[in-house]
Every structure is written in structure tokens, then in C-alpha cells.
Amino acid sequence: MVDPVTVEVIRNSSIYIAEEMGIILRNAAYSPNIRDRMDHSCAILLRSGEVIAQAEHIPVHLGSMAVGVKNTISYLKQIPIDLEEGDVIVLNDPYIAGTHLNDITVVKPLFYKGDIYGYVANKAHHVDVGGMVPGSISGNARELVQEGVVIPPMKLVRRGELDVSVLNMILSNVRVPRYTRGDLKAQIAALNVGEKRLKELIEKYGVETVLEAWDRAIDYTASYLRTKIEEIPSGSYKAEDYMEMDDKLIAIRTSIVVRSGSMIVDFTGTDKQVDMPINAVYGVTVAATSYAIKAALDPDLPMNYGFFKVVRIEAQEGTLVYPKKPAPVAAGNVETSQRIAETVLKALSIPLRGRIPAASHGSMNNIMVGGIHEGRSWAFYETIGGGMGGRPGKDGVDGVHTHMTNTMNTPIEVIERECPILFIEYSLRDDSGGPGQYRGGLGITRAFKILSERAVLSIATERVKLRPWGLEGGLEGASGNHYVVKAGSEVIKLGSKDTVELERGDIVYINTPGGGGYGRPELRDPELVLKDVLDGKISIESAKNFYKVIIRRRRGSLVVDREETEKLRQKSVV
């Protein structure tokens with residue numbers, strides 16, 4: 001039996017190998033979305049396809065990785081396609097890989113003395129994979145093939161040699177092939193480094209020791225998670241939230257059953273799949289659910305297959321959270337994933353009162369724009385942050401990515417260098433955070449002007465009709481709103497999912513939602529309310545109307561009128 005110290009050394013070494021893979025991928029990538037925003041994820045998996053180690057990358061990628069790799073292994077056996085040392089499999093079919101077409105997954109088998117002992121894999125969001133619109137995420141898509149080229153599992157590298165015919169097939173279906181070529185090669189380089197480091201680990205400890213240490217790490221995660229679940233009172237906890245369509249709302253419903261150190265998360269009752277790309281494949285549902293549970297119970301929980309020995313995730317096929325092919329799914333990965341996570345958190349707020357934050361902005365606020373400029377195709381993709389929900393004891397963070405995305409901000413200088421776009425505003429939205437004893441974080445305004453002759457803009461957002469909910473008496477955060485100011489000053493209001501044609505000089509305004517408030521607003525320290533006013537985060541009117549704090553100007557400075565504030569707060573209690 002491997003001693004506990006060696007188990008920990010091997011476990012942490014495996015995690016760092018995944019981290020190093022991510023560093024290689026980022027440094028070698030071509031597109032700003034992967035190189036600068038770090039929209040990629042890396043993991044190490046057992047021979048069965050279960051995750052043993054992962055880097056701290058994108059939750060929606062990581063949580064779906066095991067689903068995707070296990071599906072890939074099954075697919076290769078059915079064809080059949082035999083794996084050899086040096087092979088790399090590429091795929092993006094969401095119904096196999098587990099997210100959406102923009103996320104191209106590459107998988108490399110790990111061999112030792114002729115046998116596969118595991119896999120290294122990574123997934124990266126490519127800026128464009130073809131389809132109806134630049135960026136490939138269109139709210140108008142009605143079937144999967146409209147969202148881009150569908151790649152079933154196939155060999156991109158055969159016994160160490162790049163298959164140029166497969167690469168060219170992919171490149172001929174995308175708008176910016178130089179990005180795709182460079183990013184795919186960066187993904188392959190990351191796999192090669194992961195393979196090399198794991199060989200070094202095996203040479204040091206022996207393959208039997210490494211495999212046993214991995215099994216022990218899995219058992220530890222399962223055992224530790226059971227102890228955390230046992231802290232939750234046994235019972236069934238339910239919640240629902242909604243996705244926005246043009247003419248109606250689509251419900252996500254969950255029931256969490258806690259019993260004897262185990263947990264079942266059941267999405268029975270969720271609405272049927274729809275004729276829009278907000279359907280979330282099962283891998284996305286697994287990713288969002290596991291993220292929410294881990295975040296609620298213990299963010300430091302080691303994440304591997306042991307988690308799924310304790311938590312079961314159930315959904316009915318044909319629903320929004322487990323659609324049937326060929327339903328479109330591009331926005332399900334980026335938007336519905338957010339709502340699944342917050343629905344699970346909302347249910348957990350019942351037994352874990354005082355530990356769950358209010359709703360965050362609840363959208364990745366996806367922006368896709370591109371066209372032809374000076375005879376060359378261009379495409380740009382980014383997600384924009386918003387307000388984090390107020391938390392027990394702390395305000396929500398302003399202007400930040402939350403939940404299922406974990407990407408960086410795209411530097412304006414990089415975008416303007418790469419694309420015919422000029423940014424004219426990047427600011428926090430005052431009064432957008434939900435009022436509460438702990439205020440919700442502020443949303444963001446991001447505005448840019450189109451410099452190319454023509455372009456096509458697509459957005460995939462949420463919480464334009466609905467607002468992020470508060471908790472424990474906290475109020476809702478502001479909803480998002482988006483519009484285009486035409487060169488002739490005409491204003492075109494955009495829906496939460498929209499596609500419009502743009503001309504040179506048009507300005508796009510994206511205003512993202514704020515986070516919900518936590519706790520009753522009138523319990524907030526008046527001095528903190530004053531500070532928010534001085535910082536430009538809330539208005540004097542909001543201080544009075546929501547926080548019941550009277551702020552006056554005295555001798556050139558803003559101060560709290562303590563006497564009038566006390567009277568107003570007493571009156572509000574009555």
C-alpha cells in the first residue's frame with residue numbers, strides 16, 4: 001500500500017501537470033480568446049475516462065470533461081478506431097464532447113508498455129467554427145449544423161504525425177483559419193507536455209504506485225464529501241429559475257435529496273427542449289451542478305471522480321437540460337449553465353442558510369462580431385463580466401465573471417490591434433447592484449465602434465427580462481440592456497439573444513446586470529452607504545429610497561444626516 005505522503009505528492013504533482021498544460025496552451029495560442037482570456041481547460045483522466053486531476057480553469061469545461069472523454073472512448077470502440085501511441089483525437093460534437101461546437105476538445109491516450117493507463121485532454125473555445133454568423137453562436141439557430149462544423153471523434157495526429165487532411169477539413173469551415181490552426185497546435189503541444197510530465201512521474205514512482213495513489217485520491221474525495229453532506233439536514237430541497245426566450249420564459253426546476261451522506265440532484269419537471277440554442281447538453285448540466293455543490297460545500301474540495309461516487313445527477317432526455325440531437329446548444333453551454341448553477345445554489349440556500357450568496361448577474365454576456373475588412377475575414381468573441389451577488393458578510397464583487405466562466409478580461413489594446421473595433425467606454429454601471437445589507441456587485445457598460453465597412457453582431461445574454469434575485473430580504477439587481485446606436489443616431493434595442501448587421505460608425509452598447517442584494521437594505525451601515533455614494537456606485541436617491549439613509553451636503557462635503565436617517569428607518573420598520 002502506498003503511504004499517505006506519497007499519495008499526496010502524486011496527487012498534487014498530477015494537479016500541477018494539468019496546470020502546466022494550461023500554461024503551455026495559453027502561451028502558444030494565437031487567438032485573443034485563448035491567449036488573453038484563457039478560455040481553455042486541461043485535465044488528466046483515468047483509463048476509464050474519469051477525471052483524476054484538473055487545473056483551475058473553466059468550470060463548464062472541467063465539469064463536462066469526464067462526460068466527453070467517456071463518450072469519446074465509447075464512440076471509438078463502436079466505430080471501431082484503435083488508439084496507438086502518439087495519437088491525438090479531436091472532436092467538438094456537443095452530444096459527445098459535452099459542451100458546444102466552439103469548444104474543440106483534444107484527447108491523447110497515455111501508454112505504458114503497450115497498454116493505456118490514462119488520458120490527457122484539453123478543451124478550448126475557438127473564436128469561430130463556421131455556421132450562420134461570425135463567432136458561431138447565433139440566437140437564430142434552429143439545429144446543430146447551423147452553429148458550425150460538427151467534428152466527430154477522429155485522429156488529428158496519427159502516431160505522432162499531424163494529419164494535414166483532417167486539419168485542412170477543419171480550417172476550410174472556419175472564418176479565421178490562422179487562429180484555428182495556431183490554437184489547435186497549441187492544444188496538441190499542451191497534451192505533449194502533459195504526457196511527458198506523467199512519464200517522468202511514472203519513471204520516478206512506478207506505474208502501479210501512481211495508479212494506486214490516484215485510486216486513493218478518489219477514495220479520499222468521496223469520503224470527505226460524504227462528511228460535508230452529512231452536515232446538511234436530510235430532506236428534499238427545491239428551487240426553480242428561468243431562461244429567456246423572445247415570447248416566454250423556460251423553467252429549470254431542481255430537487256435536491258440529501259440522505260445518509262449522499263445527494264441526488266434531480267431536474268425532473270424542467271421544461272422540454274426548445275427550438276433555440278439555449279438547450280444545455282447533459283455534460284453542461286453535470287458541470288454546472290457539480291460546480292454549485294462544490295462551491296457551496298467546500299471550494300477547496302479536491303475535484304476528481306470521487307465526487308460522482310457520492311453525488312448523482314439525474315435529468316430527463318428531451319428537456320432543456322438534456323436535449324436530443326440535433327437541437328441547437330451553443331448558448332446552452334454559456335447561458336443555461338449559469339442558470340443551472342444558480343438554481344442549484346438557490347435550492348441549497350434553504351438548508352445552508354447564511355452560506356449561499358444572492359444571484360449573480362447570471363450571464364456570460366457573450367459578444368460575437370465579425371465580417372470582411374480590407375479583403376480579410378475577421379471574427380471576435382468575448383464574454384463580459386457583471387455584478388456578483390451580495391454574500392453573507394460581504395458585498396458582491398463589481399464587474400466580474402462569475403460561476404461557470406472563469407476567464408480573464410480581454411485587454412482593449414489587444415482587441416483593437418486584432419480587429420477593426422474602437423472602444424469608447426468601459427465602466428461600472430451605477431445603481432445596478434441589488435440593494436441589501438450587503439450590496440450586490442455592479443454590472444458593466446462596454447461600448448465599441450465598428451471600423452470595418454460592414455459587420456455582423458450577435459449577442460447571447462440573459463437577465464434582460466428578469467433580474468438577479470436577492471436573498472434574506474435583499475433586493476434584485478438591475479437587469480441588462482443592450483442596444484446599437486447607428487451612425488445616423490438611430491437606436492436599435494437588442495433582445496437578450498439577437499443578431500444585427502452593422503455598418504462603419506455604428507456603436508454597440510452592452511450593459512450587463514448587477515448582482516442581487518443580501519439582507520435587508522435598511523440594515524446596511526449608513527457610512528457604507530455614504531461611501532458607495534462617494535464612490536459613484538449608488539445615487540443619493542437610491543440611498544434614501546432603498547437604504548433609508550439621508551445624505552446631505554454640508555460645507556462642501558456629503559455627510560449622513562443621522563437624525564433624519566434614524567427617523568426614516570424607524571418609519572420603514574413600522
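**Notebook: contacts, burial and backbone in a predicted model**

I began with Ile232 and, leaving aside its neighbours within four places in sequence, I found it in contact (heavy atoms within 4.5 Å) with Tyr237, Val258, Met263, Leu297, Pro351 and Leu352. Before going on I noted that this is a predicted model, in which local features need pLDDT of at least 70 and side-chain atom pairs count only at pLDDT 80 or more, while totals for chains, interfaces and linings use all residues. I also noted that residues are numbered from 1 along each chain as its sequence is written, and that side-chain values use heavy atoms, with hydrogens and water left out.

**Entry on Ile232**

I placed Ile232 in the loop between helix 7 (207-229) and strand 8 (235-244), where helices (H or I, at least four residues) and strands (E, at least two) are DSSP runs numbered from the N terminus. I recorded Ile232 as buried because its relative accessibility is 4%; the classes are buried under 20% relative accessible area, exposed over 50%, and partly exposed in between, with a 1.4 Å probe and protein chains only. For one of its contacts, Leu297, I looked up the spacing: Ile232 and Leu297 are 65 residues apart in sequence and 9.4 Å apart in space, C-alpha to C-alpha.

**Entry on Thr343**

I then turned to Thr343, which has its place in helix 9 and is buried, since its relative accessible area is 0%. Leaving aside neighbours within four places in sequence, I listed Ala239, Glu240, Asp241, Ile252 and Thr254 as the residues in contact with Thr343. I also looked up the pair Thr343 and Ala359, which are 16 residues apart in sequence, with 9.3 Å between their C-alpha atoms.

**Entry on Ile151**

Ile151 sits in the loop between strand 5 (115-125) and strand 6 (154-158), and I entered it as buried because its relative accessibility is 0%. Its contacts, again leaving aside neighbours within four places in sequence, are Val90, Leu91, Asn92, Asp93, Ile104 and Ile170. I checked Arg37 as well, 114 residues away from Ile151 along the chain, and the two C-alpha atoms are separated by 24 Å.

**Entry on backbone geometry**

I noted a cis peptide bond joining Ile79 and Pro80, with omega about -5 degrees, and I located Pro80 in the loop between helix 3 (59-78) and strand 3 (88-91). The peptide bond from Lys325 to Pro326 is also cis, with omega near 15 degrees, and Pro326 is found in the loop between strand 11 (311-314) and helix 9 (330-348).

For phi, I looked up Asp431, which is not a glycine and yet has a positive value of about 60 degrees. Asp431 lies in the loop between strand 14 (421-428) and strand 15 (444-450), and it counts as partly exposed because its relative accessibility is 30%. Glu472, likewise not a glycine, has a positive phi of about 55 degrees; I placed Glu472 in the loop between strand 16 (454-460) and strand 17 (481-485), and entered it as partly exposed on account of a relative accessible area of 34%.

**Entry on cysteines**

I searched for disulfides, taken as pairs of cysteine sulfur atoms within 2.5 Å, and the count came to 0. I looked up burial for Cys42, which counts as buried because its relative accessibility is 0%, and for Cys419, which counts as buried because its value is 8%.

**Entry on the whole protein**

I counted 13 helices and 22 strands in the protein, and 60% of its 574 residues count as buried. Of the contacts with a separation of 6 or more, 71% are accounted for by residues 24 or more positions apart.

The radius of gyration, taken over C-alpha atoms, is set against a globule rule of 2.2 Å times the number of residues to the power 0.38. I entered 24 Å for the protein, which agrees with the value near 25 Å that a compact globule of 574 residues would have. Along the principal axes, the C-alpha atoms fill a box of roughly 80 × 60 × 45 Å.

Last, I looked up the exposed surface (Shrake-Rupley method, 1.4 Å probe) and found about 22,200 Å², of which carbon and sulfur atoms supply 49%.
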